[in-house]
Every structure is written in structure tokens, then in C-alpha cells.
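Please look through the structure shown here, which is a predicted model, before reading the notes beneath it.

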Amino acid sequence: MGSLGAYVEMDTDGEANGLEYECLLFDMDDTLYPLSLGLNLACRKNIEEFMLHHLHIEESQVPRMCLELYREYGTTMAGLKALGYEFDDDEFHAFAHGRLPYEKLKPDAVLRNLLLSIPQRKIIFTNADKVHAAEVLKRLGLEDCFEGVICYETLNPPVETANFKDTSDNDAVLAGGEAKLNDLNDADRIRPLILCKPSLEAFEAAIRIANVDPKRTIFFDDSARNIASGKAAGLHTVIVGSSVLVPGADHALSSIHNIREAIPQIIWEGEREQQEQIIQSTAVATVVLA
Ligand SMILES: [Mg+2]
């Protein structure tokens with residue numbers, strides 16, 4: 001794809017005409033690899049350290065505040081910004097992700113083959129920044145399995161580059177998304193400083209940028225609150241890393257590896273029906289001609 005940046009390339013070759021669902025939208029962290037690898041915990045520790053050493057927040061307050069802001073604002077970073085803390089986004093992301101135990105992520109040939117066998121468009125939708133997304137996908141050996149990545153920078157473009165762009169190049173989809181986000185800025189409405197899951201606006205923006213029909217899009221995420229918002233945005237939803245359904249989930253997968261066993265009918269079987277229809281219509285035509 002060559003576009004592990006903050007944009008989605010249109011790839012009409014990947015269109016799966018005739019299928020019930022046209023696109024699969026995947027969360028990345030703890031969805032494409034298991035929570036048990038410990039990256040999530042290590043990331044939280046890094047963020048707590050940033051709050052302590054860079055923002056000089058009282059040590060005894062840091063763990064509680066880190067969690068509460070995450071719950072309230074979608075990410076701790078979004079919460080810190082909302083409280084008025086000023087820091088550089090890239091510096092924060094580098095600190096949060098710079099020392100993660102990435103070596104725990106190994107190439108996942110099973111998931112790779114599974115993804116490559118899926119006929120629909122496949123897009124990542126993550127709150128993480130593009131550097132982390134690129135690193136994770138590279139380590140998992142999945143960097144060429146997705147049409148694009150909708151990440152932190154996609155939904156929160158730097159102010160100086162968030163102007164309208166020439167839409168004739170490969171950035172067309174992103175530019176369209178930015179234009180719409182700018183419209184939101186101009187509107188008389190209160191929106192969080194940072195756009196991220198689980199806010200409904202983040203889902204609506206991702207749906208616009210990916211240019212998908214939410215009713216024909218399947219959304220995979222390990223977070224129950226993201227699943228609830230995804231459902232509110234009109235998506236078909238799959239909770240990953242759970243054997244039981246959560247509110248708003250249409251399906252539950254204990255592992256992303258179980259897609260083929262758990263939900264084959266919504267991904268592959270529409271294709272088969274389409275082929276059967278073609279065969280049938282050919283047969284009918286033959287009868288009529290005879
Ligand atoms: Mg996740």
C-alpha cells in the first residue's frame with residue numbers, strides 16, 4: 001500500500017461488488033495481537049512517567065488521573081489537553097511508544113493469510129499515532145494487508161497542514177476528510193480538542209474519510225466502549241478478545257484468528273452467493289435461448 005501515513009488510498013481494485021459488506025475496519029492495538037503481550041500495560045506506564053516528569057503532576061495522583069482521563073476523554077492524552085496541559089503531540093507519542101517491548105510482536109502468518117483471503121476493503125482505525133501504527137504492522141508482518149490507516153494524525157491534522165489540498169493526488173481521501181473536519185471546527189458546536197474513539201464524531205469522521213457505508217462495514221475492536229460507539233455510528237460490530245457479547249456487539253471473537261470459524265457467512269459467503277447467481281442467470285439464459 002505504501003501509505004502507512006495518515007491517509008487512506010482509494011483502491012477500487014479492492015472493491016468487493018456483490019458482497020453484503022464492503023469494508024472491514026480494524027482497531028489495531030490489542031485487536032490484531034493479544035492484550036496478554038503486555039504492550040498496553042507498558043504504554044500506560046510510559047504515559048504515567050510522562051505525566052510525572054514532563055507535566056510535573058503529583059506522583060500520588062498520576063495513576064488515578066491517567067485512568068480517569070482515559071475513561072472520560074477516550075485517551076489520557078486527549079484528557080490532558082482538555083485540562084489545559086500543553087505539550088507537543090509528537091513528543092508525547094514518542095515517549096508513550098518509544099520504549100514499548102515491540103520485540104514481543106512477531107510476524108503473524110496466520111493472520112496475514114486470513115486478511116489476504118478477505119475480499120473486502122480493509123482499513124485500520126486506531127487512536128495511535130502513525131509511527132506506532134507503522135511499527136506494529138511491520139512487526140506483525142501485516143504492513144501490506146490494509147488499504148490504509150486512519151490514525152491520530154488523520155483525525156487531528158496539525159493546524160498548519162490542515163488546509164485544503166489539491167484533491168487530484170493520492171491524498172484525495174484525506175483531504176476530503178480534513179475539509180469536513182474543518183467544517184466541524186467552524187460550526188457552533190463544542191467538540192473535544194482531540195478527536196478519538198470512542199467519540200461518535202471520531203467514528204463519523206472515520207466513516208467519511210474511508211468513504212464507506214457504515215451499514216455495509218464490519219468494525220473490529222477489543223474495547224467494549226468503542227464497540228458501543230461503533231454500533232451507534234451504524235457499523236456492524238465484532239468485539240475481539242472476548243468470548244461473550246458486550247452491549248452493541250453483533251459478534252464476539254476470542255481471537256482475531258477466529259474470523260473464519262466465527263463469522264464466515266458475513267465475509268466470504270456473499271461472494272459465493274453472487275457466483276451462484278451468475279451461474280443461475282447463465283442457466284436461465286440458456287433455457288430461454290433453447
Ligand atoms: Mg484496542
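The report below deals with one helix and its packing, and then with backbone geometry in the loops.

## Helix 1 and its buried face

Helix 1 covers residues 39-53, and its length can be checked against its residue count: at 1.5 Å a residue, the 15 residues should span 21 Å, and the end C-alpha atoms are indeed 21 Å apart, so the two values agree. The buried residues of this helix are Leu39, Ile47, Phe50 and Met51. Seen down the axis of helix 1, these buried residues fall within an arc of 115°, and they therefore line one face of the helix.

The face of helix 1 that is turned away from the buried side carries Leu41 and His53, both of which are exposed. On the buried side, the partners against which the buried residues pack are helix 2, helix 3 (76-82) and helix 4 (89-98).

## Packing of helix 1 against helix 2

Two packed helices are described by the angle between their axes and by the distance between those axes. For helix 1 and helix 2 (residues 62-73), the angle is about 115° and the axes lie 10 Å apart, while the crossing of the two helices is right-handed.

On the side of helix 1, the contact is made by Arg44, Ile47, Glu48, Met51 and Leu52, which meet Val62, Pro63, Met65 and Cys66 of helix 2. Sorted by class, this contact comprises seven nonpolar residues and two charged ones, with no polar residue. Ile47 and Met51, which take part in this contact, are also among the buried residues of helix 1.

## Backbone geometry in the loops

Most residues other than glycine have a negative phi, and most peptide bonds are trans. Asp30, in the loop between strand 1 (23-26) and helix 1, has a positive phi near 65° although it is not a glycine. Because Asp30 has 18 C-beta neighbours inside 10 Å, this residue counts as partly exposed.

His56, which is found in the loop between helix 1 and helix 2, likewise has a positive phi, of about 55°, without being a glycine. With 9 C-beta neighbours inside 10 Å, His56 counts as exposed, since the cut-off for an exposed residue is 12 or fewer.

A cis peptide bond is found between Lys197 and Pro198, where omega is about 10°. Pro198 belongs to the loop that lies between helix 8 (172-186) and helix 9 (200-210).

Conventions: Residues are numbered from 1 along each chain as its sequence is written. This is a predicted model: local features need pLDDT of at least 70, side-chain atom pairs count only at pLDDT 80 or more; totals for chains, interfaces and linings use all residues. Axes are lines fitted to C-alpha atoms, for helices over the stretch in contact, and angles run from 0 to 180 degrees between N-to-C directions. Helices (H or I, at least four residues) and strands (E, at least two) are DSSP runs, numbered from the N terminus. A crossing is left-handed if the near helix is turned anticlockwise from the far one by less than a right angle, and right-handed if clockwise. Two residues are in contact if their C-beta atoms, placed from the backbone, lie within 7 Å. Ala, Val, Leu, Ile, Met, Phe, Trp, Tyr, Cys and Pro count as nonpolar, Asp, Glu, Lys and Arg as charged, and the others, Gly among them, as polar. The expected span of a helix is 1.5 Å times one less than its number of residues. A residue is buried if 20 or more other C-beta atoms lie within 10 Å of its own, exposed if 12 or fewer, and partly exposed in between; C-beta atoms are placed from the backbone. The arc is that of the directions from the helix axis to the C-beta atoms.
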